[in-house]
Amino acid sequence: MKNLSFLLFFLCSFVGLAQEKSNIESIVNSFINSTIEGDYDKLLLITYPKLFDFFPREQLKKTMNQTLVNEDFEISFNKIDPKIVVEDIKTIEGNRFTRIQYQNSLSMRFFNEIEMEPEAFLNILKSNFKEGKFSFDKKTNTFKIDTTSYLLGINDEITQGEWKFINIDGDQNIIKLLLDERIIKELEL
C-alpha cells in the first residue's frame, strides 16, 4: 500500500510539473510572437516587472521602437519554429526559476549601403551573439542572424505567482540589478 501511495504521489507530481512546463512554453510562445509582431505592450506584460524599477515601461517601449526601426536600418524578427526547451524548475529561497532556450531568427536591413565591409560587420554581429548562423544578402542589403536565445523564467512574490521573463543573452549588469548574487551563482548565469 505504501508503494502504491508513493507511486500515485510521484505520478501526480510528474503530471503537475509537465503541465507547468507546458504552461511556461505557451507563455514563451506568446513572448516570441509578441516580439515578431512588434506588440511591445503585450511583450512588456510578460516581462519580469522588477525591470521597470530601473527602466520605466514607456521608456523601454520607446527604446525598442527606436532601436528596431531608425534612419539607418530596420530589424525584423522572422517567424520560425522556435524549438522551445524549458529546463527543470529550480526553487531558490522560496522563488522559482527556469531557463528557457529557443531558436530565434532576425533580419537587419540597411536602407543605404553600409560604410564597412559586410564581412567586418558580420564579425561584429558574431561577437554580440553567443552562437548562430550569420549571412549577408548584398542584393537586399540585409544581414540575417539565426541564433539560440535564452530567457529566465521567474515566479516569485514580485510576479504574484505568475511566470514572467527576462532575456539572459545580453548585458549581465541588468541581471545583477534584478537578482541577488546568490541566485545568479546558483542558476549559473
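Helices and strands here are DSSP runs, numbered from the N terminus, with at least four residues for a helix and at least two for a strand. Keep that in mind as you click around, and remember that this is a predicted model.

**Stop 1: the whole chain**

Start with everything shown as a cartoon. You should find six helices and seven strands. Walk from the N terminus and the elements come in the order α-α-α-β-β-β-β-α-β-β-β-α-α. Turn the view along its principal axes, and the C-alpha trace spans about 75 × 35 × 30 Å.

Now switch on a surface. The protein chain exposes about 11900 Å², with carbon and sulfur atoms supplying 53% of that area. Of its 189 residues, 36% count as buried. If you colour by charge, there are 23 positive and 30 negative charges, and their mean positions are 4 Å apart. As for contacts with a separation of 6 or more, 60% of them are between residues 24 or more positions apart.

**Stop 2: F165 and the core**

Hide the surface and select F165. Which residues touch the most other members of the largest nonpolar core? They are F165 and L179, in a core of 47 residues.

Stay on F165 and show what surrounds it. Leaving out neighbours within four places in sequence, F165 is in contact with I24, I27, V28 and F31, then I46, T47 and Y48. The list goes on with I100 and the run L151, L152 and G153.

**Stop 3: I168, a little further along**

Next, select I168, in the loop between β7 (164-167) and α5 (172-178). Is I168 buried or exposed? I168 is buried, because its relative accessibility is 6%, under the 20% cut-off.

Show its surroundings as sticks. Not counting residues up to four places away in sequence, I168 touches R99, K130, Y150, L151, L152, I175 and L189. Pick out L189 from that group: I168 and L189 are 21 residues apart in sequence, while their C-alpha atoms are 7.7 Å apart in space.

**Stop 4: the N141 loop**

Move to N141, in the loop between β5 (133-137) and β6 (142-155). Check the backbone here: phi of N141 is near 60°, a positive value in a residue other than glycine. With a relative accessible area of 13%, N141 is buried.

There's another positive phi to visit. Select E188, in the segment after α6 (181-187). Its phi is about 55°, although E188 is not a glycine. E188 is exposed, with a relative accessible area of 62%.

**Stop 5: salt bridges**

Time to look at charged side chains. How many salt bridges does the structure hold? There are nine.

Zoom in on D88 and K21 to see one of them, where the closest N and O atoms are 3.0 Å apart. What does this pair tie together? D88 sits in the loop between β2 (85-86) and β3 (90-92), and K21 belongs to helix α1 (residues 2-37), so the bridge links parts that are 67 residues apart in sequence. D88 counts as exposed at 56% relative accessibility, whereas K21 is partly exposed at 22%.

For another pair, select K164 and E162. Their side chains meet in a salt bridge, 3.5 Å from N to O. K164 counts as buried, at 13% relative accessibility, while E162 is partly exposed at 45%.

**Stop 6: the E93 network**

Finish by selecting E93, D180 and R182 together. These residues are linked in a network of salt bridges. Within it, the side chains of D180 and R182 meet at 3.7 Å, N to O. D180 is partly exposed, with a relative accessible area of 40%, and R182 counts as exposed at 53%.

E93 itself lies in the loop between β3 and β4 (95-110). It is partly exposed, with a relative accessible area of 46%. Which residues does E93 touch, not counting those up to four places away in sequence? The answer is D180, R182 and I183. Add I183 to your selection as the last pick: E93 and I183 are 90 residues apart in sequence, yet 8.6 Å apart in space from C-alpha to C-alpha.

Conventions. Residues numbered from 1 in each chain as written. Predicted model: local features only at pLDDT ≥ 70, side-chain atom pairs only at ≥ 80, totals over all residues. Heavy atoms only, no water. Core = buried A, V, L, I, M, F, W, Y, C linked by side-chain atoms within 4.5 Å. Buried < 20%, exposed > 50% of the residue type's maximum accessible area, 1.4 Å probe, protein only. Contact = heavy atoms within 4.5 Å. Salt bridge = Lys/Arg side-chain N within 4 Å of Asp/Glu carboxyl O. Areas by Shrake-Rupley, 256 points an atom, 1.4 Å probe, with all protein chains shown as cover. Lys, Arg positive; Asp, Glu negative; His and termini not counted. Charge placed at Lys NZ, Arg CZ, Asp CG, Glu CD.
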